[in-house]
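Me: I'd like to go through this model with you. Can we take it strand by strand, then move to the core and the cysteines?

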Amino acid sequence: MASRDLLWACPVCRTEGGIRSAKKGEACTACGTSYRRGKGAELIAETPGERPRSLPAAVWADRLSGANILDRLCGSHDSGGIIHRDRVRARFATSSTPIRHRGRYMNRIERFGPACEGELRLEPERLVLVRDAAAPEAWPFDGLTAVQASSSTLQIKARARPVVSFRFLEGSARFWEELLTTALRRHYHATGRGEILEFQPRIATR
């Protein structure tokens, strides 16, 4: 897992989505702190002018817990009404195959079609994919039924629409998961739909 997928913001300066690929590993575009793997589960951070710090990756991630930068970010947008944007490679599910173990049905797994590239945009009430070689596609928040992230991809499901998997070419899948789920919580609260308890296998509220 890349550092930018684990750390949705820089633990040193708290810049959201700031960790990007660099010439040697990954670095924060704001404070210049570079991140690279150490021994075992250690992650080494090197801030210009300071001594390197080596801590377990989980400790670096825990430093972001309780931060309100996501909520602040979701409450703002640029002049085009966009909260955040990133280049992605998207794949749309075309079918699903049942999984069985010793004859017993367990679940279904999606089969995805060819990938397409474009820009994923988060807006106050919807998610939009502006594709390079096809018409844009949008998912209003009210239609989303599930959100799930892996170590390097983000998957969404909308009512009566196929599952879509996004792989981020520069950004962080975990950052986008945190950002999208925060935006959805704000939207549900503002529209009187209750508090979201979970996002997968389906969005559930109370």
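Me: Start with β6 and β8. How do they pair, and over how many bridges?
Reply: This is a predicted model, so keep that in mind throughout. Strand β6 covers residues 84–101 and strand β8 covers residues 116–123. They pair in the antiparallel sense, over seven bridges.

Me: Which residue of β8 is opposite Arg 89?
Reply: Glu 117 stands opposite Arg 89.

Me: And β13, how many bridges join β6 to that one?
Reply: Five. β13 spans residues 164–168 and runs antiparallel to β6. As for one pair, Val 88 has Phe 168 of β13 as its bridge partner.

Me: What about β7? How many bridges there?
Reply: Eight bridges, again in the antiparallel sense. β7 takes in residues 104–112. Ile 109 in β7 is the bridge partner of Thr 97.

Me: What sits between β6 and β7?
Reply: Two residues, in a hairpin. Arg 102 is in the turn, and its phi is positive, about 55 degrees.

Me: Switching to the open sheet. What's the strand order?
Reply: The order is β1-β2-β3-β4-β5, five strands with antiparallel pairing. β1 (19–21) and β5 stand at the edges. Each of these two has a single partner strand, so one side of each lacks a neighbour in the sheet. From one strand to the next, the twist averages 30 degrees.

Me: How many bridges join β4 to β5?
Reply: Four, with the strands antiparallel. Ala 45 has Arg 53 in β5 as its bridge partner.

Me: Where does Thr 47 lie?
Reply: In the loop between β4 (42–46) and β5 (53–56).

Me: Is Thr 47 buried or exposed?
Reply: Buried. The relative accessible area of Thr 47 is 10%, and the cut-off for buried is under 20%.

Me: What does the Thr 47 side chain make a polar contact with?
Reply: The side chain of Thr 33, at 2.8 Å. Leaving out residues up to four places away in sequence, Thr 47 touches Val 12, Thr 33 and Arg 53.

Me: Where is Glu 50 placed?
Reply: Glu 50 is also in the loop between β4 and β5. Unlike Thr 47, which is buried, Glu 50 is partly exposed, at 47% relative accessible area.

Me: Which side chain does Glu 50 join through a polar contact?
Reply: That of Arg 53, at 3.4 Å. Arg 53 also touches Thr 47. Arg 36 is another matter: the C-alpha atoms of Glu 50 and Arg 36 are separated by 15 Å, with their positions 14 residues apart along the chain.

Me: On to cysteines. How many disulfides does the structure hold?
Reply: Zero.

Me: Why is Cys 10 not in a bond?
Reply: Because the closest cysteine sulfur, in Cys 31, is 3.8 Å from the sulfur of Cys 10, too far for a bond. The cut-off for a disulfide is 2.5 Å. Cys 10 is buried, with 0% relative accessible area.

Me: Which cysteine sulfur is nearest to Cys 28?
Reply: That of Cys 13, 3.6 Å away. Cys 28 is in no disulfide. Cys 28 counts as buried too, at 4% relative accessibility.

Me: Now the core. How many residues does the largest nonpolar one have?
Reply: It has 45 residues. Those with the most contacts inside it are Leu 122, Leu 127, Trp 139, Phe 166, Leu 180 and Leu 184.

Me: Which helix gives the largest share?
Reply: Helix α4, residues 173–190, with eight residues.

Me: What does Leu 184 touch?
Reply: Phe 141, Leu 144, Val 147, Ile 196, Phe 199 and Ile 203, leaving out residues up to four places away in sequence.

Me: Back to Leu 127. Which residue in β10 is opposite?
Reply: Trp 139. Strand β9 (residues 126–131) and β10 run antiparallel and are joined by four bridges. A hairpin of five residues links β9 to β10.

Me: Last one, Pro 140. Which strand does Pro 140 lie in?
Reply: β10, residues 137–140. Pro 140 counts as partly exposed, at 43% relative accessibility. Among residues over four places away in sequence, Pro 140 touches Glu 125, Arg 126 and Arg 161. The C-alpha atoms of Pro 140 and Pro 124 are separated by 9.5 Å, and the two residues are 16 apart along the chain.

Terms used:
Residues are numbered from 1 along each chain as its sequence is written. This is a predicted model: local features need pLDDT of at least 70, side-chain atom pairs count only at pLDDT 80 or more; totals for chains, interfaces and linings use all residues. Side-chain values use heavy atoms; hydrogens and water are left out. Two strands pair if DSSP finds at least two bridges between them. Buried means under 20% relative accessible area, exposed over 50%, partly exposed in between (1.4 Å probe, protein chains only). A polar contact is a pair of N or O atoms within 3.5 Å; within protein, one must be able to donate a hydrogen and the other to accept it, and residues adjacent in sequence count only if both atoms are side-chain atoms. Contact means heavy atoms within 4.5 Å. Axes are lines fitted to C-alpha atoms, for helices over the stretch in contact, and angles run from 0 to 180 degrees between N-to-C directions. A nonpolar core is a set of buried Ala, Val, Leu, Ile, Met, Phe, Trp, Tyr and Cys residues joined through side-chain atoms within 4.5 Å.
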